[in-house]
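Here are my notes on this one, as numbered points. Have the model open while you read, since I hop between the helices, the sheets and the ligand.

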Amino acid sequence: MTISPQEAGRVVEARSVSKSYGPVRALHEVSITVRPGAVHALVGENGAGKSTLAKVLAGIEPPSSGAISLGGVPYVPRDRAEAKRRGVNMVPQQLSLVGELSLVENYLVVGSRPFVNRRSARSLLAATLDRARVEVDLDAPTASLTHSHRQLGEIVVALAEGAHTLILDEPTASLGPLEVGGLFEHLRSLCELGTAIVLITHRLDEVRQVADDLTVLSHGLEVHHGSATGLRPTEIARLMVGELPELAPRAARTRGAVTLRAEAVVAQSTRDARLDGVDLAVHAGEVVGLAGVAGSGQNLLLDVLAGFVPPRSGTVTLEGSRTVTITGSRASTAAAERGGATASTLRAAGLAWIPEDRRDAVVPTMSLRENLAVYSSSRGRRADARSRPQGSDDVSAPADRLAAFDVRPPRPELLAAGLSGGNQQKLLAARELGAAKTPNAVLAYGPTQGLDLRAAQAIRERLVDLAADGAAVLVASHDLEEVLGVADRVVVMFGGRIVADLPIAEATTERLGRAMAGLPADDTPRPAISEEPAP
Ligand SMILES: Nc1ncnc2c1ncn2[C@@H]1O[C@H](COP(=O)(O)OP(=O)(O)OP(=O)(O)O)[C@@H](O)[C@H]1O
């Protein structure tokens with residue numbers, strides 16, 4: 001590929017860059033060349049140093065040593081704002097949009113653009129959306145958008161800010177296959193216009209799908225830097241972690257009585273589609289997968305089942321050490337007559353919960369030990385120091401529990417903020433899935449989000465083991481593979497209803513795809529929901 005003089009002025013090159021956090025060596029003499037007009041995938045195990053390298057390139061963290069250049073001249077951004085001005089912008093793993101503000105307002109305020117008026121900001125963003133071929137509401141508070149739309153919105157703001165080098169830290173972790181496809185199409189067309197994209201991902205099939213160049217990090221060291229063309233996912237995995245352990249064959253399990261049940265549940269939230277009469281039963285000893293495109297109601301269903309959103313009508317029941325019933329907007333428990341069955345009551349009755357966004361459940365300013373003993377009792381508000389102690393749960397040997405879930409480093413006194421994103425996810429799993437007592441039911445949304453192959457495999461095995469020990473497990477995900485990797489049966493939601501319920505042997509990608517798109521199981525055209533009036 002020939003590079004024009006203009007493009008040569010935008011090549012980002014890091015040479016022998018190291019970065020340490022106290023005694024932790026996050027990067028050791030890493031070199032990388034990011035070319036205009038190419039997608040550069042950056043992969044590696046959890047804690048390998050990917051986000052650190054991205055932050056160094058984007059001016060968020062200074063390197064401890066090494067040199068970086070932009071277009072052949074030294075590039076030493078003092079901060080993120082300077083890197084952005086030089087055209088290097090990063091969309092972080094944890095989204096940074098202000099929830100109370102719309103995308104337009106985020107662009108104006110957070111991007112410090114006092115001289116751009118609202119109308120021109122709006123049309124710039126609308127034009128960017130158009131090119132990206134995505135639809136995101138520009139005027140609604142971003143907190144009211146689905147997670148995937150907030151993710152896309154953040155990318156759109158960065159693009160509108162004129163980045164020539166765009167660093168995306170796991171942008172696809174919470175996107176469904178259709179949205180990933182749309183995003184990649186856009187990334188490719190941006191590349192054709194000369195933009196350089198650094199794509200951090202754990203989904204190795206994406207490397208083959210979209211990347212031109214590849215850097216593999218392992219324990220802060222660069223173990224591969226070169227063309228991505230022709231490399232198979234298994235070869236990349238081998239570069240990252242050596243050989244992967246074989247998946248243990250699934251042990252036979254017996255399905256017990258229904259533990260978690262939703263009956264005729266109707267609910268509404270501002271963040272997601274409505275629930276329109278949902279019936280679902282999860283038995284002891286089974287893993288049910290919950291699939292659906294974003295906005296189909298699966299987030300809301302989990303919020304209702306976890307006790308964070310009261311249903312308008314219908315009933316939710318958790319059978320455990322006692323029976324907890326949530327009816328309509330009221331709640332009652334057989335054991336506690338005063339009612340008020342909230343998330344904490346469900347939890348006390350043996351419900352484990354892994355939310356879609358780990359920030360709803362992990363407190364960065366608390367130590368790992370404290371994080372093993374707290375939980376947030378309020379959905380939609382970030383978990384914080386007001387989070388409630390878990391009480392009776394046994395976390396007497398936190399170091400062992402952290403080590404069992406391969407949290408790196410497994411030091412209970414460390415603050416959670418010092419863990420990489422994937423290791424925070426493992427911490428959450430250690431708390432929710434690692435208690436001595438098997439939970440009666442597990443609700444997990446994207447439990448392997450941000451985890452490398454080995455860690456994801458370990459969490460999948462843990463979920464199946466919990467089912468074998470008698471838990472009723474419900475796993476929702478945007479990622480069909482994540483669902484198919486654990487489920488005994490797959491339930492699909494569309495438009496706030498359950499539209500398919502298939503044993504795993506019958507859950508072919510085609511059948512699931514049709515159900516997720518709201519199409520009937522056969523090829524019969526679906527009757528139109530509303531028709532244009534006749535002219
Ligand atoms: N602010 C910090 N303070 C202390 N240690 C940190 C800090 N940020 C990162 N680290 C450590 O640096 C190492 C690399 O972390 P980094 O976030 O770059 O990994 P990563 O490859 O992006 O992982 P993941 O896939 O889990 O997101 C880890 O050991 C992590 O614990």
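1. Let's start with a helix pair. α14 and α15 pack at an angle of about 15 degrees, and their axes are 11 Å apart. With under 35 degrees as the cut-off for roughly parallel, α14 and α15 therefore count as roughly parallel to each other. Their crossing is left-handed. Bear in mind throughout that this is a predicted model.

2. Which residues make the contact between α14 and α15? On the α14 side you'll find Gly422, Lys426, Ala429 and Leu433, and these meet Ala455, Ile459, Arg462 and Leu466 of α15. Sorted by class, that contact of α14 with α15 comes to 5 nonpolar, 1 polar and 2 charged residues.

3. α15 (residues 453–468) has a sheet to deal with as well: the helix lies across β13, β20 and β21, and runs at about 150 degrees to β21. The sheet in question is open, with 6 strands in the order β17-β20-β21-β13-β22-β23 and mixed pairing. At its edges stand β17 (351–354) and β23 (497–503); each has a single partner strand, so one side of each is left without a neighbour in the sheet. Neighbouring strands here are turned by 15 degrees against each other on average, ignoring direction.

4. Now look at the β17 end. β17 pairs with β20 (residues 441–445) in the parallel sense, over 4 bridges. If you want a pair to check the register by, take Trp353, whose bridge partner in β20 is Leu443. Another helix, α10 (residues 298–305), packs on this sheet, where it touches β13 (287–291), β20, β21 (472–476) and β22 (489–494). The direction of α10 makes about 150 degrees with that of β20.

5. There is another open sheet of 6 strands, ordered β6-β7-β8-β3-β9-β10, and its pairing is mixed. Its edge strands are β6 (88–91) and β10 (221–227), each pairing on one side only. The twist from one strand to the next averages 15 degrees.

6. Inside that sheet, β3 (residues 39–44) and β8 (residues 196–200) pair in the parallel sense, with 4 bridges. Leu42 has Ile200 in β8 as its bridge partner. The helix packing here is α2, which touches β3, β6, β7 (165–169), β8 and β9 (213–218), and its direction makes about 150 degrees with that of β7.

7. What surrounds the ligand? The shell has 18 residues, the closest being Tyr21, Ser51, Thr52, Ser420 and Gly422. Three elements give two or more residues each: β2 (24–34), α2 (50–57) and α14 (421–433). So two helices from the points above turn up again: α2, which packs on the sheet with β3, and α14, which packs with α15. Gly422 is worth a second look, being listed among the closest to the ligand and also in the contact of α14 with α15. By class, the shell has 5 nonpolar, 12 polar and 1 charged residues.

8. A few smaller strands deserve a mention. β1 (residues 12–21) runs antiparallel to β4 (residues 65–70), joined to β4 by 5 bridges, and Ser18 has Ser65 as its bridge partner. β4 also pairs with β5 (residues 73–74), again antiparallel, over 2 bridges, with Ser69 opposite Pro74. β4 and β5 form a hairpin with 2 residues between them, and Gly71 in the turn has a positive phi of about 60 degrees.

9. Finally, some backbone details to check by eye. Most residues other than glycine have a negative phi, and most peptide bonds are trans. Against that background, Glu170 has a positive phi, near 50 degrees, and is found in the loop between β7 and α7 (177–192). The peptide bond from Arg408 to Pro409 is cis, with omega near -5 degrees. Pro409 is found in the loop between α13 (398–404) and α14.

Key. Residues are numbered from 1 along each chain as its sequence is written. This is a predicted model: local features need pLDDT of at least 70, side-chain atom pairs count only at pLDDT 80 or more; totals for chains, interfaces and linings use all residues. A residue is near a molecule or strand if its C-beta atom, placed from the backbone, lies within 6 Å of it. Ala, Val, Leu, Ile, Met, Phe, Trp, Tyr, Cys and Pro count as nonpolar, Asp, Glu, Lys and Arg as charged, and the others, Gly among them, as polar. Two strands pair if DSSP finds at least two bridges between them. Axes are lines fitted to C-alpha atoms, for helices over the stretch in contact, and angles run from 0 to 180 degrees between N-to-C directions. Two residues are in contact if their C-beta atoms, placed from the backbone, lie within 7 Å. Angles under 35 degrees count as roughly parallel, over 145 as roughly antiparallel, 65 to 115 as roughly perpendicular and the rest as oblique. A crossing is left-handed if the near helix is turned anticlockwise from the far one by less than a right angle, and right-handed if clockwise.
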